[in-house]
Number of protein chains: 2
Amino acid sequence: MELDERKVTILKAIIKNYMETGEPVGSRTISKYVNSKWSSATIRNEMSDLEEMGYIIQPHTSAGRIPSDKGYRFYVDQILLEKDNEVMEIKELMVQRMGRLELVLKALAKNLASNTNYAAMISGPQYHRNKLKFIQLSRVDANKLLIVTVVEGNIIKNTMVTIDEEISDEELLNLNILLNTNLNGLTIEEINLGVISRLKEEAGVHRQVVDLVLNEVAAVIKADGDDFQIYTSGATNIFKYPELSDSQKASELLSTLEHTEVLQELVGEAGGNQSETGIQVYIGDESPVQAMKDCSVVTATYDLGEGLKGTIGIIGPKRMDYEKVLRTLRNLMTQLDATFKKEER
Amino acid sequence: MELDERKVTILKAIIKNYMETGEPVGSRTISKYVNSKWSSATIRNEMSDLEEMGYIIQPHTSAGRIPSDKGYRFYVDQILLEKDNEVMEIKELMVQRMGRLELVLKALAKNLASNTNYAAMISGPQYHRNKLKFIQLSRVDANKLLIVTVVEGNIIKNTMVTIDEEISDEELLNLNILLNTNLNGLTIEEINLGVISRLKEEAGVHRQVVDLVLNEVAAVIKADGDDFQIYTSGATNIFKYPELSDSQKASELLSTLEHTEVLQELVGEAGGNQSETGIQVYIGDESPVQAMKDCSVVTATYDLGEGLKGTIGIIGPKRMDYEKVLRTLRNLMTQLDATFKKEER
DNA sequence: GTTAGCACTCATTTAAGTCGAGTGCTAATT
DNA sequence: AATTAGCACTCGACTTAAATGAGTGCTAAC
C-alpha cells in the first residue's frame with residue numbers, strides 16, 4: 001500500500017492532535033481538524049489503512065488511534081528534512097563569562113528545560129588527549145602549596161598540598177621552571193619512571209616536594225573521568241505529561257536522570273553514530289536507555305574545538321513537540337559555535 | 001492527664017510500628033507488639049487517651065492511629081536527649097583528596113542518601129568575610145593569562161583572560177609581586193578607587209592588564225553568591241514511601257528539591273537558631289519550606305573553621321527513622337570535624 | 001470513491017454491595 | 001479500681017455489576 005498525500009495529511013493530523021492532548025484521537029476529531037474536507041467515515045477507512053501499515057496503533061478496540069514509534073519516526077524524519085527556515089533568538093546571551101564552564105552548562109540545561117518544558121541534560125566536554133600544558137606552584141600559607149594544573153583544552157585544576165619541609169621563594173621558582181620545562185606537552189603516559197627519576201635528581205633536596213607534586217598532577221590528569229559530569233535540569237517537567245507521571249514510571253525515569261551514569265550511554269552513542277547535523281532522535285525503544293522506552297530523546301553534539309565534544313539532550317514524552325525541540329537545539333548549536341569561535345580568536 | 005510510663009511505651013510502640021509499615025496501627029497490633037502485657041482493650045483505652053492528648057490521630061473512624069506531629073516531636077525530643085551511645089563508622093573515608101570541595105559535597109550527599117534511603121541535601125560553605133589571600137598571574141598561551149585567586153578559607157578560583165598587548169615574563173613577575181603586595185589581606189570593599197589608581201600608576205605601561213585583572217578578581221570575589229551551591233541526592237528515594245509518592249505530592253517535592261533556591265530557607269534557618277549540637281528537626285508544618293509539610297527534615301550545621309559554615313539536610317517521610325538519621329548525622333559531623341581539624345594542622 | 005447509518009466493542013465511570021480491621025462501650029472479672 | 005472479654009457499630013478499601021459514551025467496522029446508498 002502506498003502512503004499517498006491524503007494519508008500523510010491524516011497521519012500528520014493525528015500526530016499533531018495527539019501531541020496536544022495526549023489522548024487517543026478518533027476519526028471525527030480528525031475530520032473536523034482537517035477542515036471537514038473528508039467525512040469521519042473516510043478518515044476511518046484511511047486510519048484503518050494507516051494502522052495496517054504500522055503508523056498508528058489502537059490502544060484498544062473502541063478507542064481512537066495513537067501514533068506508533070514508526071509514525072513518530074516518519075514525522076520526525078519529515079521535519080529533519082526541512083531546512084531551518086527561521087532562527088529564533090534565545091533570549092539571554094547564555095555565556096556571560098566563561099569563568100566556570102560548569103556553571104554555564106548548568107544554566108544552559110536550566111534554560112533548555114524551562115524553554116521546552118521537557119527534561120534537559122548536558123554533558124561537559126570530554127577530553128580525549130590530555131597533554132599537560134602548564135604547572136604552577138605557589139605558596140599560599142607557610143606550609144601550604146597550591147598546585148595549578150592546566151591541560152590541553154584549557155581545563156584548569158587546583159590542588160592544595162601541605163609540605164613538611166622549608167622551601168624558599170627562590171627554590172620554588174626554580175621548581176616551577178624545572179617542572180614546566182620537563183613536563184609540558186607530555187601526556188600522562190609519557191611521564192614515566194625515567195622522567196620522574198630525572199626530575200627528582202635535579203630537584204635535589206626537594207625531591208620530596210617533587211614527588212608530592214607529581215602524584216597530585218597524575219591524580220589530576222587522570223581524574224578527568226571523575227570530573228566528567230552530566231547535568232540535568234527540569235526532570236520534574238515530566239509530571240506535566242500524564243502518560244509519564246504515574247508513580248512507577250516517574251520513579252524509574254527520575255532515578256535514571258538522577259544517577260547520571262546511565263546517561264553516559266546516550267552521550268556515547270550521540271558522539272558515535274551521529275548524523276550530518278549532529279542531531280539524533282530516539283523514539284521509544286530506539287533509545288539506548290531502557291528507562292526511556294516510553295519517551296523520546298533528542299540529542300545534539302556540540303564541539304568546542306581542541307577535540308572537546310559534549311552532548312545536549314532533551315527528554316520528553318513521545319508526543320514531544322519535535323519541531324520546537326529540533327529548532328531550539330539547532331539554534332543553540334549555532335550560538336554555541338559562534339560563541340566559541342569568538343572566544344578562540 | 002498525665003503521660004505515664006505505660007502511655008509512653010504504647011506511644012513509642014505506635015510510632016515505631018507506623019514507621020515500619022506506614023499503615024495506621026490498631027490496638028491489637030500494639031497489644032502483640034509490646035509482648036502481650038496488656039490486652040487490646042486496655043491499649044484501646046490508652047490510645048483513646050493519647051488521642052485526646054494530641055499525640056496520635058485517627059485518619060478515620062474505623063482505622064488505627066497514626067502519630068501526630070506532636071507525637072513525632074515527643075519521640076524525637078526523647079532521642080535528642082539520649083547521648084550518642086555508639087559511634088558507627090561510615091564505611092568509606094569520604095574525603096580522599098580535598099581537591100574539589102564540590103565533588104566531596106556531592107559524594108557526601110550521595111552517600112547520605114543511599115545510607116538512609118531518604119533524600120539528602122548539602123550546602124557548600126558560605127563565606128562571610130572575603131579577604132583576598134593570594135593572586136597568581138601565569139601565561140598559558142601567547143596572549144592568554146590565567147588568573148588564580150585564593151580567598152580566605154582557601155577557596156580557589158580560576159579565570160582565563162585574553163590580552164592584546166605584549167608582556168614579558170619578567171614584567172609578569174613584577175605584576176604578580178605588585179598585585180600581591182598591594183592587595184593581599186584586603187576585602188572587596190577595601191579595594192577602592194584609591195588603591196586601584198595607585199596600582200595602575202605603578203603598573204606603568206601595563207595598566208590595561210591591571211585593569212583587566214582587577215575586574216576579574218572583583219567579579220570572582222563577588223561571585224561567591226553565584227557559587228553558593230546546594231547539592232541534592234537521592235531525591236527519588238521518596239518514591240519508596242507511598243504516602244509521599246502520589247503524583248501530586250511527588251511532583252511538588254521533587255520540584256522543590258530541584259530548584260534549590262527554596263532550600264536556602266532551610267540553610268538559613270539552620271544556621272540561625274541552631275540548638276546546642278547544631279542539629280534541627282522539623283516535623284511537618286514546622287518546616288520553613290511549604291512543599292515539605294508532609295515530610296520531616298533534619299538539618300545539621302557543619303563548621304570548617306575560618307567562618308565557613310554549611311548545612312546538611314535529610315528529607316524523608318514523617319515516619320523517618322529518626323534514630324538512624326540523627327546517629328548518622330552526628331557521626332558525620334564528628335568525622336567532618338576530625339577531617340578538617342587534621343587538615344588544619 | 002465517498003458517506004450516512006447502525007450495530008458492536010470496551011475502557012471508564014458510577015453505584016451498590018461486601019468485607020474486615022478497628023473502635024467505643026458495657027459488663028464481667030481480677 | 002484496673003483490666004479484660006464481648007459485641008454492636010463504623011467506615012475505608014475492595015469487588016462486582018451496570019451504565020455511559022467515544023470510537024470502530026461494516027454495509028448499503030449516493
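This passage describes the predicted model, from the fold of chain A to the contacts with chain B and DNA strand C.

Residues are numbered from 1 along each chain as its sequence is written, and chains are lettered from A and ligands numbered from 1 in the order of writing. Because the model is predicted, local features require pLDDT of at least 70 and side-chain atom pairs count only at pLDDT 80 or more, whereas totals for chains, interfaces and linings use all residues.

Chain A contains 12 helices and 10 strands; these elements are DSSP runs numbered from the N terminus, helices being H or I with at least four residues and strands E with at least two. Of its 345 residues, 35% are buried, a class that demands 20 or more other C-beta atoms within 10 Å of the residue's own, with exposed set at 12 or fewer, partly exposed in between, and C-beta atoms placed from the backbone. Among contacts in chain A with a separation of 6 or more, 59% join residues 24 or more positions apart, a contact being two C-beta atoms, placed from the backbone, within 7 Å. The domain assignment of chain A yields domain 1 (5-67), domain 2 (92-126 + 230-344) and domain 3 (132-226); such bounds come from an automatic or database assignment. The centres of domain 1 and domain 3 of chain A, taken over C-alpha atoms, are separated by 67 Å.

Strand β9 (residues 295-303) of chain A is largely enclosed by the rest of the structure, because 8 of its 9 residues are buried. Strand β8 (residues 279-283) of chain A pairs with β9(A) in the antiparallel sense over 5 bridges, where pairing requires at least two DSSP bridges between the strands. Within this pair, Ala300(A) is the bridge partner of Ile279(A). Strand β10 (residues 309-317) of chain A is also antiparallel to β9(A), with 9 bridges, and Ile315(A) of β10(A) stands opposite Val297(A).

An open sheet of 3 strands in chain A follows the order β4-β5-β6 with antiparallel pairing. Its edge strands, β4 and β6 of chain A, each pair on one side only. Neighbouring strands of this sheet are turned by 20 degrees against each other on average, direction ignored; axes are lines fitted to C-alpha atoms, for helices over the stretch in contact, and angles run from 0 to 180 degrees between N-to-C directions. β4(A) and β5(A) are joined by 8 bridges, and Leu137(A) stands opposite Ile147(A) in β5(A).

At the interface, 29 residues of chain A are in contact with 30 residues of chain B. The elements of chain A giving two or more residues to this side are β4 (132-141), β5 (144-151), β6 (155-162) and α10 (247-258), of which α10(A) gives the most, with 6 residues. The chain A side divides into 13 nonpolar, 11 polar and 5 charged residues; Ala, Val, Leu, Ile, Met, Phe, Trp, Tyr, Cys and Pro count as nonpolar, Asp, Glu, Lys and Arg as charged, and the others, Gly among them, as polar.

Around DNA strand C there are 20 residues, and His60(A), Thr61(A), Ser62(A), Gly26(B) and Ser27(B) come nearest; a residue is near if its C-beta atom, placed from the backbone, lies within 6 Å. The largest share of this surface, 4 residues, comes from α3(B). By class, the surface near DNA strand C has 5 nonpolar, 12 polar and 3 charged residues.
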